[in-house]
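Reader: I would like a close look at one part of this model, the charged side chains and how each is paired or left unpaired. Please set that in its surroundings and keep to what can be computed from the atoms.

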Amino acid sequence: RADAINVNDVLDQLSNNGTVPVIIGPNDGGAPKVVIGGNATEVPQGGSEKIVLAHFMIGNAFSYTKDLWKKDIQMAQDAGVDGFALNLGSDDWQPARMEDAYSAARELNSDFKLCISFDMAVLPGNSASDAATIKQYITKYAKHPNQLLVDGKVFASTFSGEKSNFGHPTPQDGWNAEFKQPLEQAGTPVHFVPALFVAPEAISGDWSNTVDGLLTWNSAWPIDLTSQSQNVAGVVGALAAPVLDQVKEAVGSMDADTQFIGAVKNAASAATGSGTRTYMAGVSPFFFTHYGPDTFNKNWLYVSDDHLYTSRWSTLIANRDKVDMVEIITWNDYGESSYIGDIGKDQPKSNAWVDGFDHTALIPLTKYYTTAFKTGQFPTIEKDSVVLSARPHTKAAQATADGVGKPLNWELVQDRLWADFLLSGPATVTLATADGKSQSWDVAAAGPGRFSIPLTVGGFISATS
């Protein structure tokens, strides 16, 4: 982030270089700053054809009809999403919902793509017959007009799978012998890009002849940023400046990607006749889950402040020559609060922290960034818009009727209003959280802008431009 600078001079310089800057309203109340460097939105050209998927939890679509699938597909297209990665779990009704999804896409007569992401956290992977079940879905949809293909091969992914050996000595042997090779021999080759939770050296080593790429699921959030790592466990007050600096540095960065990008490239060099190798990065707006031991026993958050979603998108766009695909995590995972689609009625006991918290304002914002990632050109902003996010209570609030307790890492959140603007031209941006509690910034040119001010207990939130 730039230090004290003349914003107009920098904007002129960046404009001459063909760069769209991101304007940042600093938390200290100073003048707006222009992000250049790691979070810049300068768009590198070249590289592979770009694809954006959204992860869709079929397990949260029990009551879906084809009409609902069509509605979601059209909304995803409005966001610039090219297809859904359909997370297939173990419920016996899920294959029927998946079939409806493929039928709906066909009936829309659109180029929206679908692929299967096998949820190996719940699907069995201990025997050859388990692999046979998975293969049948690949075969069933291989010739479907909306099936996503890469290099003419059926694109397939997973959530996990690094322990699924299908009756073989190692998972690598199992996936090869029971999944990839039989499909290849049957004339239905797959382009296999799983989300494996393994070290980078495993991708360029043991897994190099098994996978055709990698989805780094956890790259979507700064998961290493914890209350323990920052030594703030139990700290109720505002975060100290060094901790805030660590948060800002971690949010949206490429640190979780760099080693894996190298591993995927090295795997391509190591594997004979490997064909295209695909690096798929994750991006997500939020992560909060709050299940007690009596249900799923998951109660933590990943830091989503400091404009996580748009910051991560900007970073991926600035590195688009290294990133082949992006997966938005997620379209409808309500239990982990990461959804950007409509709130459905098939929630996994997450109503307490989902109902009333609509995230669809992210759809037009997503469109802006997906367009830049895929085309290498930022679209013209026709009119000003803003997305506001804030928590309805302070991080130190005591929820007396909640028996689960505070989520892990709650100490790292900030009691602030976060605003992501898309500005069509020069503007004065103002945020307010109570009467007499506001701040304004003069912005000299069109483009995305990120601003933030402290929340006020008992106040409100508003933004103007």
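Author: Strand β13 covers residues 325–328, and E327 is one of its residues. In this predicted model, E327 is buried but takes part in no salt bridge. The nearest side chain of opposite charge belongs to R312, 12 Å away. A salt bridge requires a side-chain nitrogen of Lys or Arg within 4 Å of a carboxyl oxygen of Asp or Glu, so R312, at 12 Å from E327, does not qualify. What E327 does have is a polar contact, side chain to side chain, with H55 at 2.7 Å.

The backbone that follows has a feature of its own. The peptide bond between I329 and T330 is cis, and its omega is near 20 degrees. T330 belongs to the loop that runs between β13 and α10, the latter being residues 351–354.

D119 can be described in the same terms. D119 is part of strand β5, residues 113–119. The residue is buried and has no salt bridge. K298 carries the nearest side chain of opposite charge, at 9.2 Å. With a limit of 4 Å for a salt bridge, D119 and K298 are therefore not counted as a pair. The side chain of D119 does make a polar contact of 3.3 Å with the side chain of N87.

D119 and K298 also appear together in the description of a pocket. The second largest pocket has a volume of about 700 Å³. Its lining consists of 28 residues, and those closest to its centre are M57, D119, K298, D333 and E336. By residue class, the lining holds twelve nonpolar, ten polar and six charged residues.

Beside K298 in sequence is N297, in the loop between β11 (288–290) and β12 (299–301). Phi of N297 is positive, near 55 degrees, and N297 is not a glycine. Its relative accessible area is 53%, and since the limit for exposed is over 50%, N297 counts as exposed. H307 likewise has a positive phi without being glycine, with a value near 60 degrees. H307 sits in the loop between β12 and α9 (308–318). At a relative accessible area of 11%, H307 is buried.

Strand β11 includes F288, which is partly exposed at 25% relative accessible area. The C-alpha atoms of F288 and W410 are 9.8 Å apart, although 122 residues separate the two in sequence.

Now the charged side chains that are paired. The whole structure contains eleven salt bridges. In one of them, K70 is bonded to E107, with 2.8 Å between the closest N and O atoms. This pair spans 37 residues of sequence and connects distant parts of the chain, K70 being in helix α2 (residues 66–78) and E107 in helix α3 (residues 94–107). E107 is partly exposed, its relative accessible area being 43%. The pair also belongs to a network of salt bridges that links K66, K70 and E107.

Helix α3 also takes part in a salt bridge between R97 and D100, where the closest N and O atoms are 3.5 Å apart. Why can these two residues be partners within one helix? R97 and D100 are three residues apart in helix α3, so about one helical turn lies between them. R97 is buried, with 16% relative accessible area.

A further salt bridge joins D212 and K180, with an N to O distance of 3.0 Å. D212 is in the loop between α6 (200–204) and β9 (213–216), whereas K180 is in helix α5 (residues 171–185), so the bridge ties together parts of the chain 32 residues apart in sequence. Both partners fall under the 20% limit for buried: D212 has a relative accessibility of 4%, and K180 has one of 14%.

To put the cases side by side: D212 is buried and has a salt bridge to K180, whereas E327 and D119 are buried without one. For E327 the polar contact is with H55, and for D119 the polar contact is with N87.

How values were computed: Residues numbered from 1 in each chain as written. Predicted model: local features only at pLDDT ≥ 70, side-chain atom pairs only at ≥ 80, totals over all residues. Heavy atoms only, no water. 1 Å grid on protein atoms, 1.4 Å probe; cavity = no way out; pocket = protein on both sides within 12 Å on 5 of 7 lines; lining within 4 Å. Points joined across faces, edges and corners; volume = space filled by probe spheres on them. Nonpolar A, V, L, I, M, F, W, Y, C, P; charged D, E, K, R; others polar. Helix = DSSP H or I, 4+ residues; strand = E, 2+ residues; numbered from the N terminus. Buried < 20%, exposed > 50% of the residue type's maximum accessible area, 1.4 Å probe, protein only. Lys, Arg positive; Asp, Glu negative; His and termini not counted. Polar contact = N/O pair within 3.5 Å; in protein donor to acceptor, adjacent residues only side chain to side chain.
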